Amino acid sequence: MRRELLLRQVTKLAAVTLVGALALTATACGGSSSSSKSSGDKGVGLAFDVGGRGDNSFNDASYAGMQKAMDEFHIKGKSLTPREGESEDDKVQRLVQLAKEGYNPVVGVGVVYSGAVKKVSQQFPKTSFAVIDAADNKGPNIANLVFTEEQSSYLVGVAAALQTKTNTVGFIGGVKFPLIQKFEAGFVQGVHDTNPKVKVLVKYLASPPNFSKGFGDPTEGANAAKGQLDSKADVIYSAAGASGDGAIKVISQSGKTAWAIGVDKDQYKQPSLAPYKKIILTSAMKDAEGAVYNFVKSVVKDKKPQVGVVPHSLSDGGVDYAKSNPTLTDNKAAVDKIEAAKKKIINGEIKVRTTP
Amino acid sequence: MKKFDKDRVILGIAAPVLAVVFAMVLSSLIVLISGKNPFDAFRLMFEYAQGADVQVLILNRATVYYIAAIAVAIGFRMNLFNIGVDGQYRLAAMLAAAAGGAMHLPGPLHILMIIITAIAVGGAWAGVAALLKVRRGVSEVVSTIMLNAIATSLIAYLMHTDILGRQPPGSNNVTTTPLDDTAWFPGIGVDVDGQRMEVYGFIFVAAALGVGFHYMLSRTKFGFDLRAAGASDSAAVASGVNTKRMVLISMLLSGGLAGLIGLPQLLGETHSYGLVDFPAGIGFTGIAIALLGRNSPVGIAFGALLWAFLDRSAPNLDFNGYEKEIATIMQGLIVISVVVAYELVRRYGLRRQQQQVGEQLAQAARKNPEEVAA
């Protein structure tokens with residue numbers, strides 16, 4: 001009797017859990033979430049990295065590229081933003097939704113889309129996909145848009161070494177993983193090739209998976225910059241997205257003669273940083289805008305989609321250093337040295353490391 | 001007793017239904033404030049979830065959430081707040097992935113070894129907090145939060161390319177060595193417009209865990225001790241329960257189960273642990289779902305499905321120009337509503353019970369006045 005009762009309870013429990021689950025799939029087996037299979041004329045689909053629009057950095061630059069292509073080729077587009085702490089199947093879901101609704105090309109912004117793009121591209125062979133910051137996705141319809149961030153970082157490293165009076169400079173990285181370590185490697189090499197006596201302080205704000213702390217928290221950037229200023233650093237390069245804004249602000253308000261180096265865009269021209277722009281010596285720029293624009297152009301206008309690894313480097317202007325702040329541009333000797341280094345990198349005389 | 005059961009069932013269903021309705025009303029208000037039509041928003045979510053592909057995704061997500069919530073619930077039943085589930089599963093998944101990648105074994109054995117590694121690591125990490133609590137009286141709330149942070153750093157350290165990590169050429173991610181296909185957990189294939197999708201085979205493991213949890217709670221001495229100690233520490237001690245031992249065991253169980261959270265994805269989908277893209281934060285979602293499901297295996301199943309549905313249908317809001325945060329707000333509102341609703345229903349039930357008992361006594365008194373007077 002007792003055993004029977006128990007058995008009944010257990011079976012009931014199992015039944016409820018499983019039936020509930022299976023009923024859900026059974027109701028619509030075979031059909032998928034969208035009935036309309038368009039031919040791919042909806043325009044550009046863009047899937048953002050964490051942070052989305054308004055990050056003043058990478059996502060915004062990609063969006064600008066998409067916007068430019070939309071205006072120029074008179075096409076439409078849609079951009080989607082992820083949530084914090086997603087897993088790969090969330091990214092897959094997002095890309096599938098774009099491709100299925102007929103968006104072509106589809107761009108995944110950031111290394112987090114790497115695996116997802118590979119999976120979805122096989123499912124939609126007629127759609128062109130691109131992923132930014134990853135080079136390991138092979139497929140007839142995938143473009144890997146990559147940048148040689150170590151080269152631009154090398155150049156701002158040269159600028160930092162020439163500018164420092166205390167022989168100490170700082171590097172602030174957002175999150176410690178290979179992409180950001182490329183920035184560190186290039187910067188450190190640039191500093192030491194210029195002046196081996198200069199000390200480089202290196203600080204990372206967070207480890208994966210704390211991306212919002214690393215790239216989205218100006219307070220963290222400010223604290224790190226404060227620490228490096230106290231350790232006598234007078235030029236600080238932050239490769240930390242929006243967290244870097246905090247570093248720039250602190251450096252400007254420290255009352256010391258100290259400089260900041262920006263990242264991704266020419267931050268001297270960034271409206272939200274206008275009050276502090278005097279101390280932004282230069283920026284290591286990465287032309288995500290141009291990369292996205294060119295990719296969309298190759299699909300929509302030229303009808304010859306980019307595939308494989310599409311590098312963006314110093315030689316094609318994909319990365320560069322900013323020449324906006326008069327403090328740098330008026331220093332003829334410094335600019336000459338940076339330009340000389342740039343030439344050497346382009347013609348292969350200087351090989352820049354990608355790992356610290 | 002029998003008559004009371006019906007009331008209880010009605011009251012039991014009333015609370016969650018009330019909560020979901022209340023949460024929907026509140027979220028409708030929020031959508032209205034954002035200047036959009038709430039019914040359209042709900043319609044978008046439901047329509048999107050009609051697709052078989054989305055349903056597969058919902059089931060997979062619910063599987064993961066279910067395991068997470070059960071892990072949390074075991075602690076809750078013992079009055080232990082294991083906030084460390086998050087760190088426990090990430091560390092367990094990472095080390096299990098690394099161990100699995102280094103092993104070459106025939107299928108079932110390979111999978112078994114990975115599962116055992118994950119349980120052991122999760123349990124050991126929770127065991128640190130358990131030992132601190134039993135030996136030194138350190139609150140597990142504090143120690144597990146700290147251990148989460150330590151786990152993050154430890155994973156970052158172990159994933160160095162010269163230790164356990166490897167960086168595929170051209171990739172900006174660091175992963176563990178990919179698992180041989182002997183370690184791929186078979187899934188249930190579903191055909192969606194000619195495209196094969198898979199429901200995690202782990203859904204059966206999750207269901208079995210739920211059944212096991214139910215059995216343990218209601219049919220074993222350990223389960224009885226657990227509930228007794230959770231309800232009242234001193235009463236449990238008085239009746240001869242060794243509460244320190246209970247704390248240790250339930251924390252180890254909670255951590256061991258937490259170790260399984262990452263496995264559906266690891267064994268069923270990515271086949272390696274990626275430093276940059278392995279999901280984080282599921283442990284915290286598990287806490288919310290355990291609250292939602294009132295720590296009961298069936299309640300948690302519904303909670304996990306509801307949560308997964310909201311998660312998976314939110315992208316369609318974003319796609320159609322609605323704020324996708326609506327779904328996040330709804331998740332939060334549902335948890336609050338559930339807590340409030342259960343309390344309201346509990347008070348109502350208590351009052352009802354008192355009235356009934358009072359009435360019965362009064363009736364009895366009317367029948368034999370002498371006896372009562374005497």
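The following paragraphs lead through a predicted model of two chains, A and B, beginning with the sheet of chain A and ending with single residues of both chains.

Chain A is divided into two domains, each assembled from two separate stretches of sequence: domain 1 covers 34–147 and 287–319, and domain 2 covers 150–285 and 325–346. The C-alpha centres of domain 1 and domain 2 of chain A lie 29 Å apart. Where these domains of chain A meet, 15 residues of domain 1 are in contact with 17 residues of domain 2. The side contributed by domain 1 of chain A is mixed in character, with 6 nonpolar, 5 polar and 4 charged residues.

A good place to begin looking at chain A is its open sheet of 6 strands. Read across the sheet, the strands of chain A follow the order E2-E1-E3-E4-E5-E11, and their pairing is parallel. At the edges stand strand E2 (77–80) and strand E11 (308–312) of chain A, each of which pairs on one side only. Neighbouring strands of this sheet are turned against each other by 20 degrees on average, direction ignored. One pair of strands may be followed in detail. Strand E5 of chain A, residues 142–147, pairs with E11(A) in the parallel sense over 5 bridges. Within that pair, Leu145(A) is found opposite Val310(A) of E11(A).

Helices lie against this sheet. Helix H2 of chain A, residues 58–73, packs on the sheet and touches strands E1 (44–47), E2, E3 (106–108) and E4 (129–132) of chain A; the direction of H2 makes about 175 degrees with that of E1(A). Helix H4 of chain A, residues 114–123, lies across E3, E4 and E5 of chain A and runs at about 170 degrees to E4(A).

Some loops of chain A hold backbone features that deserve attention. The peptide bond between Asn104(A) and Pro105(A) is cis, with omega about 5 degrees, and Pro105(A) belongs to the loop between helix H3 (88–100) and E3 of chain A. A second cis peptide bond leads from Pro208(A) to Pro209(A), with omega near 5 degrees; Pro209(A) is placed in the loop between strand E7 (199–206) and helix H7 (211–215) of chain A. Lys232(A) has a phi near 80 degrees, a positive value in a residue other than glycine. The loop that holds Lys232(A) runs between helix H8 (218–230) and strand E8 (235–239) of chain A. Lys232(A) counts as partly exposed because it has 17 C-beta neighbours inside 10 Å, while 20 would be needed for a residue to be buried.

Attention now turns to chain B, which has 15 helices and 2 strands. The C-alpha trace of chain B spans about 95 × 55 × 35 Å along its principal axes, and 48% of its 374 residues count as buried. Among contacts in chain B between residues at least 6 apart in sequence, 76% join residues at least 24 apart.

How do the two chains meet? The contact takes 52 residues from chain B and 47 residues from chain A. Several elements of chain B each supply at least two residues to the side that touches chain A, among them helix H6 (140–158), strand E1 (188–192) and helix H13 (297–319). The largest share of that side of chain B, 9 residues, comes from H3(B). By class, the side of chain B that touches chain A has 28 nonpolar, 17 polar and 7 charged residues.

Helix H3(B) can then be considered in its own right. H3(B) has 26 residues and reaches 36 Å from its first C-alpha to its last, close to the 38 Å expected at 1.5 Å a residue. H3(B) is mostly covered, since 25 of its 26 residues are buried. Just after H3(B), Asn79(B) takes a positive phi of about 65 degrees.

Two further residues of chain B complete the tour. Asn295(B) has a phi near 60 degrees, a positive value in a residue other than glycine, and is placed in the loop between helix H12 (282–292) and H13 of chain B. Asn295(B) is buried because 20 other C-beta atoms lie within 10 Å. Leu248(B), in helix H10 (residues 243–258) of chain B, counts as partly exposed because it has 18 C-beta neighbours inside 10 Å. Leaving aside neighbours within four places in sequence, Leu248(B) is in contact with Ala130(B) and Val134(B).

How values were computed
Residues numbered from 1 in each chain as written. Chains lettered and ligands numbered in written order. Predicted model: local features only at pLDDT ≥ 70, side-chain atom pairs only at ≥ 80, totals over all residues. Pairing = 2+ DSSP bridges. Helix = DSSP H or I, 4+ residues; strand = E, 2+ residues; numbered from the N terminus. Axes fitted to C-alpha atoms, helices over the stretch in contact; angles between N-to-C directions. Contact = placed C-beta atoms within 7 Å. Nonpolar A, V, L, I, M, F, W, Y, C, P; charged D, E, K, R; others polar. Domains from an automatic or database assignment. Expected span 1.5 Å × (residues − 1). Buried ≥ 20, exposed ≤ 12 C-beta atoms within 10 Å, placed from the backbone.
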